[in-house]
Amino acid sequence: MPTITFANEKKEIQVPAGANLRKEALSAGVSLYPGIHKVANCHGFGTCGSCRVLITKGMENTSSKGIIESARLAGLLAYIGNEGTMRLACQTTVKGDITVTTCPPMNMFGENFFS
Ligand code: FES
């Protein structure tokens, strides 16, 4: 069974292969949504972008980005500089061990943002 490690929460959970990252996180009591997005989100349809996370280890153990996810991420400022690690939890299937950072901050002044 794959293990999801939530870095900020210092929590590990085991999930069945093929599990949805959003559903498993919420079931484990891990908050994916910052601020108002706790109630104002698209509930997993991939349209609001508020469930974004960083997969800091094991990206190869997740599903590929689909059209909806790719389009939504491309419209997020926070995606700039995080193209290799950012996913929408609701659109991500877990196939193996991964490490996840929830509610990643937007780094507008980092070295990658304006480059
Ligand atoms: S819950 Fe809205 S994009 Fe994932």
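**Exercise 1. Find what the buried residues of helix H2 pack against, and work out how H2 is oriented.**

*Solution.* Start with the packing: the buried residues of H2 pack against S5. Keep in mind that you are looking at a predicted model.

Next, list the residues concerned. In H2, Glu-69, Arg-72 and Leu-73 are buried. These three cover an arc of only 95 degrees around the axis, so they sit on the same side of H2. A rule of thumb helps here: an α-helix has 3.6 residues a turn, so residues three or four places apart point the same way.

Finally, turn to the other side of H2, where Ile-67, Ala-71 and Ala-74 are exposed.

**Exercise 2. Describe the overall build of the protein, from its elements to its dimensions.**

*Solution.* Begin by counting elements: there are two helices and seven strands. Along the sequence they follow the pattern β-β-β-α-β-α-β-β-β.

Then look at the dimensions. The C-alpha trace spans about 40 × 30 × 30 Å along its principal axes. For 115 residues, a compact globule would have a radius of gyration near 13 Å, and the protein agrees because its own value is 13 Å.

Now ask how the chain is arranged inside. Of the 115 residues, 24% count as buried. Among contacts with a separation of 6 or more, 70% are between residues 24 or more positions apart.

**Exercise 3. Locate the largest nonpolar core and explore the surroundings of Leu-32.**

*Solution.* The largest nonpolar core has 18 residues, and Leu-32, Ala-89 and Val-100 touch the most other members. Two or more residues each come from strand S1 (3-6), helix H1 (21-27), strand S4 (52-57), strand S5 (86-88) and strand S7 (98-102).

Now zoom in on Leu-32. Set aside its neighbours within four places in sequence, and Leu-32 is in contact with Arg-22, Ala-25, Leu-26, Cys-51, Val-53, Ala-89 and Thr-102. Ala-89 thus appears both as a contact of Leu-32 and beside Leu-32 among the residues that touch the most other core members.

**Exercise 4. Work out how S1 and S2 pair, then inspect the turn that joins them.**

*Solution.* First, the pairing: S1 and strand S2 (residues 11-14) run in the antiparallel sense, with four bridges. For one bridge you can check on screen, take Thr-3, whose partner in S2 is Gln-14.

Then follow the chain round the hairpin, which has four residues between the strands. Lys-10 lies in this loop between S1 and S2, and it has a positive phi of about 50 degrees although it is not a glycine. Why is that worth a look? Most residues other than glycine have a negative phi.

Is Lys-10 buried or exposed? Lys-10 counts as exposed because it has 7 C-beta neighbours inside 10 Å, and the cut-off for exposed is 12 or fewer.

**Exercise 5. Examine two more loop residues, His-43 and Lys-65.**

*Solution.* Take His-43 to begin with. His-43 belongs to the loop between H1 and S4, and its phi is positive, near 60 degrees, in a residue other than glycine. His-43 counts as exposed because it has 9 C-beta neighbours inside 10 Å.

Move on to Lys-65, placed in the loop between S4 and helix H2 (67-74). Lys-65 has 16 other C-beta atoms within 10 Å, so it is partly exposed.

To finish, draw a distance from Lys-65 to Thr-93. The two residues are 28 residues apart along the chain, and their C-alpha atoms are separated by 9.7 Å.

Definitions and conventions:
Residues numbered from 1 in each chain as written. Predicted model: local features only at pLDDT ≥ 70, side-chain atom pairs only at ≥ 80, totals over all residues. Core = buried A, V, L, I, M, F, W, Y, C linked by C-beta atoms within 7 Å. Buried ≥ 20, exposed ≤ 12 C-beta atoms within 10 Å, placed from the backbone. Contact = placed C-beta atoms within 7 Å. Pairing = 2+ DSSP bridges. Rg over C-alpha atoms; globule rule 2.2 N^0.38 Å. Arc of directions from axis to C-beta.
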